[in-house]
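Let's take a relaxed walk through a protein model, one piece at a time. Have the picture open and follow along.

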Amino acid sequence: QTKQLLMATISPCEFSLSPPPYVALLFLLGGYLGEVSGTTLTLQSFPSDILTSRNALCLDGSAGKFYWSPSSSGSTRWVIFLQGGGACATFGSCFTRSTTELGTSKTLSADITLNGILASSQSANPVFYDANKVYIPYCDGFFFLGNRGAVSESGDTLYFQGRSIVQATLDTLIRNYNLASATEVLLTGESAGGVGTLLSAGIVKTRLPVGAVFKVAPFSGFFLARNSFNGAQGRVLNVLSLGLTLHGASPLPNNDCVTAGNSDRFCAAPNNTYAYLTIPSFIVNSYVDGVDFAEFVTGSSFEGRTCYGDESQQLANCNQEEIDVARQYKDYFLADLTNSPGYSRNGNGAFIFSCYEHAKSWTEPTFTTYVVASTQLTLALSSWFLSSNDPPANHQYMDCALGNPPSVSCNPSCAVGAPIPPTPPPTAFPTGFSVGTPSPATPSPLPPGVSSMPTVSPTSTPIIASTPTASPSIPGGSGSDNSNGSSNSGVNAGIAVGTICGAAAILALAYCVYKRNPPKKNAIQMSDRSELGARI
């Protein structure tokens, strides 16, 4: 049934309805579909004894909280999502952060509506649509890792208790929400929440029932553990180094990287933790991540280049030199990822796209529209989650290589909202895929040349200066990062998805017309403009 629903969405011309009525129906139902596709989660508080014993406080001392939506059918499948939003590593920057919505729970709304990986639509989110859903707001400033307690300077007091917020959430879910009966759990998050997903995986696993399937899928959380383009220590590494001390995050508990004998400082880099992580993981990331790339060129002559500042243009306005720098970042990224032991570990997978963006892929519209190796992101993630210790090649999706100006973008699905060349629709579920029965996805071969793409040899250890320098906070990067969790994720889901349905209707009509009258070669050119648009 799910496959039929997906095919109904993707391949309208295969149905008996003629295009005009079908298009009209999509427009009429667009608003309704938008309203029902999002999931409304309500704000929950910790029981007083758990709050007190865990001291689960935001930076400003307000109580940590979480959002919750139960399964409508009593499912024992869960999704736990960690919000993103940069990081702070000095008392001053953390104090400033404590006065914003990323440092307090005082401004949290009573409920939020989210979509993407948290959507309630079976066609958009086939495996997790009816899961129990938990969304943990980010208010500690250091990847949900702080464990120091209250710290005062110049009369001001901050609370570094991010780890306690995660633990208190788990305590509360076990006691009052039946997490103790979970059979399948996905821990996920975006940006800083993606980093937290990798670094908190061991903590979460220890609290789940023995025998429960537990996997992690960080979105835009694979940051490079390298020096920046000009040779200086990367600012992300600097923040990680400083923050471990300020937030009292050492030692990192239940961390496979640390257990293997590495230092907390080494293992705090997300790609180093990934290399040792024995929990099945699925990396969802751009190989030219907008925020991490901006950090990479900070301090060089390429910092602040106009063509890097607008994600909606997908690097279309860059000159050859600027594209070459982006390619160097891409080579580093692919070298660090594909040469990591985690990339070749059974049970793991990855969905690596060329779209120039940060922290957009977990939500709509990109969660259902991004396509790599003829497979939609939502289906690739679903197939991996339902698999059981498959060879990693079964669940690795690697995108095409960037072109040269002016035709830089190589993946039409990066241009969300732009006219897309009429090509056969992407496949629905891979052959043999079933929502209830684990089976491997069709292996996705790497595009020609990818195996030799990384021209720069990867470092065996992260390049970290012996003494970190004082650093400001890392910017949040995406609209969803700088919010209480709702501004970029579906508070206006009805309007947003209604618009998407309308666009889908137009594309459906165009596709049907194409099927009857295929255009001549090169008659239609792809636009590089898109609606991704949030400032990095």
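## Helix 4 and its hidden side

In helix 4, the residues that count as buried are Phe91, Ser93, Cys94, Arg97 and Ser98. Those residues span an arc of only 165° around the axis, so they sit on the same side of helix 4. Here's a handy bit of background: an α-helix has 3.6 residues a turn, so residues three or four places apart point the same way. Keep in mind that you're looking at a predicted model.

What covers the buried residues of helix 4? The cover includes strand 6 (149-153), strand 7 (156-160) and helix 7 (235-246).

## A closer look at Ser98

Let's zoom in on Ser98, which belongs to helix 4 (residues 91-98). Is Ser98 buried or exposed? Its relative accessibility is 8%, and the cut-off for buried is under 20%, so Ser98 counts as buried.

Who does Ser98 touch? Skipping its neighbours within four places in sequence, Ser98 is in contact with Leu59, Asp60, Gly103, Thr104 and Leu158. There's a polar link to spot as well: a polar atom of the Ser98 side chain lies 2.5 Å from the backbone oxygen of Phe95. Try finding Asp140 too: Ser98 and Asp140 are 42 residues apart along the chain, but their C-alpha atoms are separated by 8.4 Å.

## Strand 2 and its partners

Next up is strand 2 (residues 65-69), where 5 of the 5 residues are buried. Which residues lie on each side of strand 2? Lys65, Tyr67 and Ser69 are on one side, Phe66 and Trp68 are on the other, and all of them are buried, so both faces are covered.

Strand 2 also has partners. Strand 1 (residues 39-45) is joined to strand 2 by 4 bridges, and the two run antiparallel. To see this pairing, look for Thr42, which stands opposite Trp68 of strand 2. Strand 5 (residues 132-136) is antiparallel to strand 2 as well, with 3 bridges joining them. Here you can look for Tyr67, whose bridge partner in strand 5 is Tyr135.

## The nonpolar cores

Time for some background: in soluble globular proteins, nonpolar side chains tend to be buried together. In this model, the largest nonpolar core has 54 residues, and Trp78, Phe143 and Phe214 touch the most other members. Helix 6 (residues 192-206) supplies the largest share of this core, with 6 residues.

Trp78 makes a good example. Leaving out residues up to four places away in sequence, Trp78 touches a list of residues that includes Trp68, Ala131, Val134, Leu173, Tyr177 and Leu186. Some of the other residues that Trp78 touches are Asn132, Asn178 and Glu184. Apart from the largest core lies another one, of 33 residues, among them Ile117, Leu186, Phe282 and Leu381.

## Sulfur links

How many disulfides does the structure hold? There are 6, and we'll visit some of them. Start with Cys257 and Cys267, which are joined with an S to S distance of 2.1 Å. This link is left-handed, with -80° about the S-S bond. Cys257 is in helix 8 (residues 256-259) and Cys267 is in helix 9 (residues 264-267), 10 residues apart. Both Cys257 and Cys267 are buried.

Now for Cys307 and Cys318, joined at 2.0 Å from S to S. Why is this disulfide right-handed? The torsion about the S-S bond of Cys307 and Cys318 is about 90°, so the disulfide has that hand. Cys307 and Cys318 are 11 residues apart, and each of them is in the loop between helix 11 (290-297) and helix 12 (320-338). Cys307 is buried at 6% relative accessible area, and Cys318 is buried at 4%.

Finally, find Cys355 and Cys414, whose sulfurs are joined at 2.1 Å. Their link is left-handed, with -80° about the S-S bond. Cys355 lies in the loop between strand 11 (349-353) and helix 13 (366-369), while Cys414 lies in the loop between strand 14 (396-398) and helix 15 (493-516), so this pair ties together parts that are 59 residues apart in sequence. Cys355 is buried, with a relative accessible area of 0%, and Cys414 is buried with a value of 0%.

How values were computed
Residues are numbered from 1 along each chain as its sequence is written. This is a predicted model: local features need pLDDT of at least 70, side-chain atom pairs count only at pLDDT 80 or more; totals for chains, interfaces and linings use all residues. Side-chain values use heavy atoms; hydrogens and water are left out. A disulfide is a pair of cysteine sulfur atoms within 2.5 Å. Buried means under 20% relative accessible area, exposed over 50%, partly exposed in between (1.4 Å probe, protein chains only). Two strands pair if DSSP finds at least two bridges between them. A nonpolar core is a set of buried Ala, Val, Leu, Ile, Met, Phe, Trp, Tyr and Cys residues joined through side-chain atoms within 4.5 Å. Contact means heavy atoms within 4.5 Å. A polar contact is a pair of N or O atoms within 3.5 Å; within protein, one must be able to donate a hydrogen and the other to accept it, and residues adjacent in sequence count only if both atoms are side-chain atoms. The arc is that of the directions from the helix axis to the C-beta atoms.
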